[in-house]
Amino acid sequence: MSPKSRLYTLVKAWKNKPFQEVRDACGQPWLGLSSEALEEHQSWSQRQAISNEPIFNNQGTKLTSSLFRPLLTTADTQLLRLFMEGLDTITYWYRSGRFIPGILPLSAEHLASTSLIDALSDLILNSRLPVGLVSLGIHRLEDTDSIDLCMEGLLRMRRLGVLIHLLQFTGTSSQIRWIEAIQPEGIHLEIDRFRADGLPIEMISLDQKFQSQIYASNVTLVKDLENVIALGAHHSCGGLMMAPVSRHQMLHISDSRIAKAIFSLHPHKNQNGDK
């Protein structure tokens with residue numbers, strides 16, 4: 001029998017096979033799996049969720065880190081579970097041979113809880129990840145009270161080797177005071193806010209003022225990229241760079257093809273200095 005005729009026979013047999021429902025009316029386990037196997041399958045499916053936003057250098061030529069987005073909107077009851085999932089994702093990349101730092105968002109009010117900081121410290125220590133792979137992205141840092149309350153928790157995290165990032169920076173006096181006190185490794189601005197009126201003068205050269213890496217988030221238009229250049233940001237993320245991906249997809253990312261293509265269209269100088 002030739003390979004072609006054998007393939008025809010196999011396809012015909014599959015086509016004529018009686019249809020079987022995935023789950024019967026009595027609620028039997030899906031595809032005949034046991035409850036333990038079904039739970040394992042569901043866990044695997046959750047790990048493939050589109051949860052990780054890639055962050056690139058300012059021209060999209062290199063993947064520099066990732067933001068674990070589910071922690072931005074999580075309920076208090078799910079916080080520890082999602083934090084564990086974020087650590088597990090970073091560990092998965094590390095054991096797969098990719099050194100991809102992960103930023104795990106946490107609100108300022110959560111950092112004020114001593115019991116929560118104890119639990120997070122245990123999770124970070126048990127992960128045994130190298131220093132530099134785990135960062136906390138602090139958000140909802142809006143008033144002086146939240147800044148003062150979260151200070152001790154931040155210092156404890158930093159003693160564990162965790163890097164500190166400030167998310168949603170808007171330039172308020174209270175945020176600037178907090179930056180001067182903590183000196184975070186990263187400051188994140190939502191660049192789409194400056195499309196209409198442009199960047200305020202005080203936003204330019206933030207890295208020189210605070211000695212921090214500047215991150216531009218929500219980059220979705222070419223106008224945003226122009227503001228990224230004017231800002232002097234070191235890193236960018238958003239739909240124009242790349243949409244969020246699963247943790248497995250992240251392993252195969254090295255650069256942002258869209259951002260590279262856009263930057264390549266801009267006029268640049270050759271070796272002789274001519275346009």
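Strand β3 is covered on both of its faces: G102, L104 and L106 are buried on one side, and I103, P105 and S107 are buried on the other. Six of the six residues of β3 are buried, so the strand is largely enclosed by the rest of the structure. The model described here is a predicted one, and β3 is a convenient place from which to read it.

The chain has 275 residues, of which 41% are buried. It holds eleven helices and eight strands. The eight strands close into a barrel, in the order β1-β2-β3-β4-β5-β6-β7-β8, and the pairing is mixed. Of the contacts between residues at least 6 apart in sequence, 67% join residues at least 24 apart.

The barrel can be followed strand by strand. Strands β2 and β3 run parallel and are joined by two bridges. Within this pair, L67 has I103 of β3 as its bridge partner. I103 is also one of the buried residues of β3 named at the start. Further round, β4 and strand β5, residues 163-166, run parallel and are joined by four bridges. Here G137 stands opposite H165 in β5. H165 also takes part in the next pairing, where its bridge partner in β6 is G186. Strand β6 covers residues 186-190, and two bridges join β5 to it, again with the strands running parallel. Later in the order come strand β7, residues 213-217, and strand β8, residues 235-236, which pair in the parallel sense over two bridges. In that pair A216 stands opposite S236 of β8.

S236 leads back to the start of the barrel, through a residue of strand β1. That residue is F56, which lies in β1 and has S236 among the residues it touches. How exposed or buried is F56? With a relative accessible area of 0%, F56 is buried, since the cut-off for a buried residue is under 20%. Leaving aside residues up to four places away in sequence, F56 touches K62, L63, T64, H234, H235, S236, M241, M242, I253, D255 and S256. One of these, M242, is 186 residues from F56 in sequence, yet the two C-alpha atoms are 9.0 Å apart in space.

The helices come next. Helix α3 lies across four strands, namely β1 (52-57), β2 (63-68), β3 (102-107) and β4 (134-139), and runs at about 170 degrees to β3. The enclosed strand β3 is therefore one of those that α3 lies across, with six of its six residues buried.

Helix α3, residues 79-95, also packs against helix α5, residues 114-127, at an angle of about 25 degrees and with the two axes 11 Å apart. This angle makes α3 roughly parallel to α5, because angles under 35 degrees are counted that way. The crossing of α3 past α5 is right-handed. From α3 the contact takes L79, L80, F83, M84 and L87, and from α5 it takes L116, A119, L120, L123 and I124. Sorted by class, this contact has ten nonpolar residues, with no polar and no charged ones.

Helix α5 has further contacts, as S121 shows. S121 is placed in α5 and counts as buried, at 8% relative accessibility. Not counting residues up to four places away in sequence, S121 touches R156, M157 and L160. S121 and L160 are 39 residues apart along the chain, and their C-alpha atoms are separated by 7.6 Å.

Two loop residues deserve a look for their backbone angles. Which loop holds R128? R128 is found in the loop between α5 and β4. Although R128 is not a glycine, it has a positive phi of about 55 degrees. R128 counts as exposed, at 73% relative accessibility. The other case is Q211, found in the loop between α8 (206-210) and β7. Phi of Q211 is near 60 degrees, again a positive value in a residue other than glycine. Q211 counts as exposed, at 67% relative accessibility.

Methods. Residues numbered from 1 in each chain as written. Predicted model: local features only at pLDDT ≥ 70, side-chain atom pairs only at ≥ 80, totals over all residues. Heavy atoms only, no water. Axes fitted to C-alpha atoms, helices over the stretch in contact; angles between N-to-C directions. Parallel < 35°, antiparallel > 145°, perpendicular 65-115°, else oblique. Left-handed = near helix turned anticlockwise from the far one by under 90°. Contact = heavy atoms within 4.5 Å. Nonpolar A, V, L, I, M, F, W, Y, C, P; charged D, E, K, R; others polar. Pairing = 2+ DSSP bridges. Buried < 20%, exposed > 50% of the residue type's maximum accessible area, 1.4 Å probe, protein only.
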